[in-house]
Amino acid sequence: MPPMPDQAGLYRQMYRIRRFEQTVLDAFPKGVFYGTTHTYIGQEANATGVLAHLGADDIVFSNHRCHGHFIAYGGDLRALFAELMGKATGVCGGLGGSQHLHWRNFYSNGVLGSTAPVAVGSALAEKAKDSQALAVIFLGDGALGEGVVYESLNIAALWGAPVLFVVENNHIAQTTPIELALAGDIPARFAAFGIPCSRLDSSDALEIHAAAEAEFAALRATPGPRALVLDTQRFGPHSKGDDTRDEALMARIRQQRDPLRLLAPRLADTQRETIEAEVEAEVAAAFAQAEADPFPEAAA
Amino acid sequence: MSTVLAALNRGLHAAFEQDQRVYLIGEDLLDPYGGAFKVSQGLSTKYPDRVWTSPVSEAALAGVAAGMALRGLRPVVEIMFGDFSTLIADQLINSIAKFGAMYGGDVAVPLVVRTPMGGRRGYGPTHSQTLEKLYLGVPGLRVLAAHALSDPGELLRRAILEDDGPVFFVENKLLYLRPLAAELQDFEIEQHTPPGAYAATHTLRLKGAPSAALTLTAYGYMAELAREAQLRLAFEHEIFCELVVPGQLAPLLPGGELDGALAASLEKSRRLLAVEEGSYTLGWGAEVLARAAQAFPGGLKAASRLAAPDAPIPASRPLEEAALPGVEHILAAVQKMV
């Protein structure tokens with residue numbers, strides 16, 4: 001049996017993502033941020049459970065909803081706030097904004113599905129260099145409408161790319177429910193290319209952690225593409241104020257599928273409260289620092 | 001005698017030999033076929049681990065190359081026909097050309113997309129186009145056009161090995177079998193490399209000719225036709241022209257500045273004819289004329305351009321010949337301008 005995951009660590013990471021995203025949504029109307037945002041509230045267990053298994057040299061590709069992935073990867077909260085504010089201290093110096101992050105081996109891009117071949121190419125490059133590094137790519141159910149994803153699955157399978165495709169199926173693409181966008185089922189898409197695929201319908205960080213652990217172990221043992229479909233729920237709007245779903249349904253989902261609420265009973269109350277207080281302070285400090293940071297200067 | 005095709009093939013072989021990080025991906029690359037136009041011949045035999053023949057998936061190929069480049073390799077992508085470059089447009093514009101700047105400047109994407117463009121082979125509307133104008137205004141993307149005046153294989157080798165940014169490398173199909181730097185004995189050739197570029201602009205004037213009455217500018221295979229027109233204008237009509245042939249089509253100089261070689265030629269001739277095989281509206285020549293107009297606020301004596309009509313390229317030989325600008329079109333246009 002593998003050792004039990006660090007439950008307190010998982011809780012802390014998810015709470016950091018939650019509080020970061022809530023801060024973004026709360027502060028956006030005040031004009032602190034510029035542009036747009038896509039928050040990860042409700043899906044925190046996915047990034048946290050999956051990226052807990054990442055090796056130092058492994059590569060992560062993310063999408064428009066990238067803040068949670070970035071934070072779980074180890075990204076700095078102040079730099080992420082600053083990037084959303086367009087500050088010089090931002091992750092990409094304010095050039096990328098919310099959807100376009102790069103730090104160490106983490107890359108995100110806002111064009112759905114466009115990252116699939118780039119992730120496959122990165123994995124193939126690492127394989128060619130014999131570095132043992134893997135690539136992990138997060139895709140949403142919405143990206144499954146893009147043709148280049150299927151070209152990429154085909155090539156990944158043909159050329160044995162060491163890549164884990166993580167599909168976060170939150171059942172909605174912007175405002176379009178999955179029933180209006182996706183024919184057939186998701187694992188069958190991977191099966192068609194001979195890519196092993198497992199599926200988990202859970203918001204429990206421990207279950208997701210265990211599922212991802214098995215995927216990483218298999219990928220490291222037998223390099224070649226694999227897929228993990230995580231059925232999940234997006235609690236908030238696609239962006240800021242564009243949620244068209246029924247509020248009663250959303251309340252029920254938030255009640256039943258909250259990763260924090262699911263993990264909290266496994267921690268002692270005092271431990272949980274300490275973590276929460278520490279994270280509150282950390283997020284508040286990061287936000288204040290980013291707010292005080294300078295804007296980049298435009299070239300003359 | 002060497003050809004442009006042989007030179008490009010030598011350039012690829014040299015790049016593979018000199019740097020283990022060079023990979024080639026594309027369709028139908030394996031020997032004995034060696035790519036649809038044979039530019040890649042011999043590579044799969046000599047470097048089987050670094051030549052990846054692929055499914056028909058252009059968009060993914062470009063993206064795979066982008067990922068390889070991000071992770072320190074120097075991939076070359078062969079797109080079989082330039083017409084299919086539309087399939088990689090998203091990867092080119094939203095990923096490959098963007099990564100360097102949008103990630104804050106600490107990421108390099110050293111990759112080369114090679115592709116044949118152009119008509120005059122009867123391949124019809126979807127296999128004959130000259131589409132590079134679609135990529136000329138994409139920030140972060142260098143567009144180079146092979147020509148027969150100097151070694152395009154060396155230019156390709158440098159693009160692969162020395163350029164840390166992405167390059168869209170255009171090879172006109174009719175150039176492939178042209179002899180390399182042949183029949184240039186009548187010309188005096190000056191080379192000028194624009195700031196930030198490594199592909200020289202070539203200025204051709206006939207030896208012993210009087211001061212030029214007009215400046216022709218063209219790139220790629222069209223430069224070959226323009227050179228033929230330049231000779232005939234001199235010998236048959238006593239009209240003397242200079243021909244300016246850029247190797248780099250994009251980026252152009254910042255602030256709308258005109259290429260130095262072109263400016264120097266126009267300083268003397270004050271007449272400009274830009275000729276291209278792509279379609280007329282919003283073409284390369286339009287940008288060249290706009291820049292010339294800004295560079296000469298007092299005005300030029302004449303400025304015009306030739307291009308293909310804004311219509312699909314017909315498959316039928318006489319229709320295709322009539323549509324694409326040729327030597328006779330250039331002769332007629334120049335005679336109207338001087």
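Guide: Angles between axes, as used here, run from 0 to 180 degrees between N-to-C directions. The model under discussion is a predicted one.

Visitor: At about what angle does helix α2 of chain A run to β4(A)?

Guide: Helix α2 of chain A, residues 44-51, lies across four strands of chain A, namely β1 (59-62), β4 (135-140), β5 (163-169) and β9. Taken against β4(A), whose residues are 135-140, the helix runs at about 165°.

Visitor: Which are the edge strands of the open sheet in chain A?

Guide: Seven strands of chain A make up this open sheet of mixed pairing, and their order is β2-β3-β1-β4-β5-β9-β8. An edge strand pairs on one side only, and in chain A this applies to β2 (102-103) and β8 (197-201).

Visitor: Which residue in β9(A) is the bridge partner of A:Arg199?

Guide: The edge strand β8(A) runs parallel to β9 of chain A, residues 226-231, and five bridges join the two. Within this pairing, the partner of A:Arg199 is A:Val229.

Visitor: Between which domains of chain B does the largest nonpolar core lie?

Guide: The largest nonpolar core has 208 residues, and those touching the most other members are A:Val50, A:Phe81, A:Phe165, B:Leu216 and B:Leu273. Helix α3 of chain B, residues 58-70, gives the largest share of this core, with ten residues. Both domains of chain B give residues to the core, so it lies between domain 1 (4-175) and domain 2 (187-337).

Visitor: How many residues apart are A:Arg12 and A:Glu278?

Guide: The side chains of A:Arg12 and A:Glu278 form a salt bridge at 2.7 Å, N to O. This pair links distant parts of the chain, with A:Arg12 in helix α1 (residues 7-27) and A:Glu278 in helix α11 (residues 269-292) of chain A, and their separation is 266 residues.

Visitor: Is A:Arg19, in its salt bridge with A:Glu280, buried or exposed?

Guide: A:Glu280 and A:Arg19 meet through their side chains at 2.9 Å, N to O. The pair links helix α11 of chain A, which holds A:Glu280, to helix α1 of chain A, which holds A:Arg19. A:Glu280 has 29% relative accessibility and is partly exposed. The cut-off for buried is under 20% relative accessible area, and A:Arg19, at 19%, is therefore buried.

Visitor: Why does the pair of A:Arg257 and A:Asp201 tie together parts that are 56 residues apart in sequence, and in which strand does A:Asp201 lie?

Guide: The side chains of these two residues, A:Arg257 and A:Asp201, meet in a salt bridge at 2.8 Å, N to O. The pair ties these parts together because A:Arg257 lies in the loop between α9 (247-256) and α10 (259-263) of chain A, whereas A:Asp201 belongs to strand β8 of chain A.

Visitor: Which residue in β3(B) stands opposite B:Tyr23?

Guide: Strand β1 of chain B, residues 22-26, is mostly covered, five of its five residues being buried. Its faces are both covered, with B:Val22, B:Leu24 and B:Gly26 on one side and B:Tyr23 and B:Ile25 on the other. β1(B) pairs in the parallel sense with β3 of chain B, residues 74-78, over five bridges. In that pairing, the residue opposite B:Tyr23 is B:Pro75.

Visitor: And which residue of β2(B) stands opposite B:Leu24?

Guide: β1(B) also pairs in the parallel sense with strand β2 of chain B, residues 51-53, over three bridges. There, the residue opposite B:Leu24 is B:Val51.

Definitions and conventions. Residues numbered from 1 in each chain as written. Chains lettered and ligands numbered in written order. Predicted model: local features only at pLDDT ≥ 70, side-chain atom pairs only at ≥ 80, totals over all residues. Heavy atoms only, no water. Pairing = 2+ DSSP bridges. Contact = heavy atoms within 4.5 Å. Core = buried A, V, L, I, M, F, W, Y, C linked by side-chain atoms within 4.5 Å. Buried < 20%, exposed > 50% of the residue type's maximum accessible area, 1.4 Å probe, protein only. Domains from an automatic or database assignment. Salt bridge = Lys/Arg side-chain N within 4 Å of Asp/Glu carboxyl O.
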